[in-house]
Amino acid sequence: MIYPTQIETPRLTSRPVTLDDQQIWAEFLAHPEATRYLPNPEGHSPAERAALWMERQIGRYQDGNLGLMALMHRETGAFIGQCGLLIQSVDDIMELEVGYHILPEYWRQGYATEAAMAFRDYGFENGTDDSIISIILTGNEGSQAVARRNGMHFEKEARFRELDVVVYRIRRAQWLQNKTTQAPV
């Protein structure tokens, strides 16, 4: 799959993250509620975690492993979070995942769902995968609600990077069926 440099939705545009995004991401990583469901490596400050996070995404782009992209508000240009496609191993099976993280001031406005749907659609339209998943830490009801709005269904509980998670999945056939039954906007 050729990964895009930009995906647009009615309210959002994406772009690859850069090292210049570290400061705003450090602020996100310093927010206790925003990061309640993220792994927290001991001994790393939010700034150090943000640098590692950005370097990991940039490395994914360079290695052809897709990656999270910055989400920008189309009207204001504000950085509101990250979303993208990732290649992940769950139960020793390589999977295509759509992941998302939204800054707290933009929660409950539909941005995560809007972005996740756009990346899900891109994944199915440009990939060969039969399904797309979201890996969500157990207890993260907000992200599970986004996955359900994205047409995904709970599949299983699993361990991922030594964490308890739930896996939501949508299969290509279900995605196609949803596309053909959706009313035009």
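Reader: Let me start with one residue: does Ala50 count as buried or exposed?

Author: Ala50 counts as buried, because its relative accessibility is 0%. The word buried is used for a relative accessible area under 20%, exposed for over 50%, and partly exposed for what lies in between, with a 1.4 Å probe and protein chains only. Keep in mind that this is a predicted model, in which local features need pLDDT of at least 70 and side-chain atom pairs count only at pLDDT 80 or more, while totals for chains, interfaces and linings use all residues. Residues are numbered from 1 along each chain as its sequence is written, and side-chain values use heavy atoms, with hydrogens and water left out.

Reader: Where is the place of Ala50, and with which residues is Ala50 in contact?

Author: Look at helix α2, residues 46-63, and you will find Ala50 there. Helices (H or I, at least four residues) and strands (E, at least two) are DSSP runs, numbered from the N terminus. A contact means heavy atoms within 4.5 Å. With neighbours within four places in sequence left aside, the contacts of Ala50 are Gln22, Trp25, Ala26 and Leu29. For a sense of scale, Gln109 is 59 residues from Ala50 in sequence, and their C-alpha atoms are 24 Å apart in space.

Reader: Now a residue in a strand: which residues does Ile133 touch?

Author: Ile133 belongs to strand β5 and counts as buried, because its relative accessibility is 0%. Not counting residues up to four places away in sequence, Ile133 touches Val90, Glu95, Leu96, Glu97, Val98, Met152, Val167, Tyr168 and Arg169. Thr181 lies 48 residues from Ile133 along the chain, with 22 Å between the two C-alpha atoms.

Reader: What about Gln144: is it buried or exposed?

Author: Gln144 is buried, because its relative accessible area is 8%. You can find Gln144 in helix α4. Once neighbours within four places in sequence are set aside, Gln144 has contacts with Ile136, Leu137, Gly139, Val166 and Tyr168. Tyr168 also appears among the residues that Ile133 touches.

Reader: Let us turn to the loops: what is the phi of Asp91, and what is the phi of Glu162?

Author: Asp91 has a phi near 50°, which is a positive value in a residue other than glycine. The loop that holds Asp91 runs between β3 (79-90) and β4 (93-102). Asp91 counts as partly exposed, because its relative accessibility is 42%. Glu162 has a phi near 65°, again positive in a residue other than glycine. Its loop lies between β6 (153-160) and β7 (163-171). Glu162 is exposed, because its relative accessible area is 71%.

Reader: Stepping back, how many helices and strands are in the chain?

Author: The chain has five helices and seven strands. Read from the N terminus, their order is β-α-α-β-β-β-α-β-α-β-β-α. The chain is as compact as a globular protein of 185 residues, because its radius of gyration is 16 Å, close to the 16 Å from the globule rule. That radius is taken over C-alpha atoms, and the rule is 2.2 Å times the number of residues to the power 0.38. The C-alpha trace spans about 45 × 40 × 30 Å along its principal axes. Of the 185 residues, 50% are buried. Among contacts between residues at least 6 apart in sequence, 61% join residues at least 24 apart.

Reader: Which residues lie nearest the centre of the largest pocket?

Author: On a 1 Å grid over the protein atoms alone, a cavity is a set of points where a 1.4 Å probe fits but cannot get out, and a pocket is an open set with protein on both sides within 12 Å along at least five of seven lines; lining residues have an atom within 4 Å of a point. Nearest the centre of the largest pocket lie Leu38, Tyr100, His101, Asn140 and Ser143, and its lining has 47 residues. Elements that give two or more residues to this lining include α2, β3, β4, α4 and β7.

Reader: And which residues line the largest cavity?

Author: The largest cavity is lined by Ile7, Thr9, Leu12, Thr13, Ser14, Leu71, Ala115, Ala118 and Phe119. Two elements, β1 (12-16) and α3, give two or more residues to this lining.
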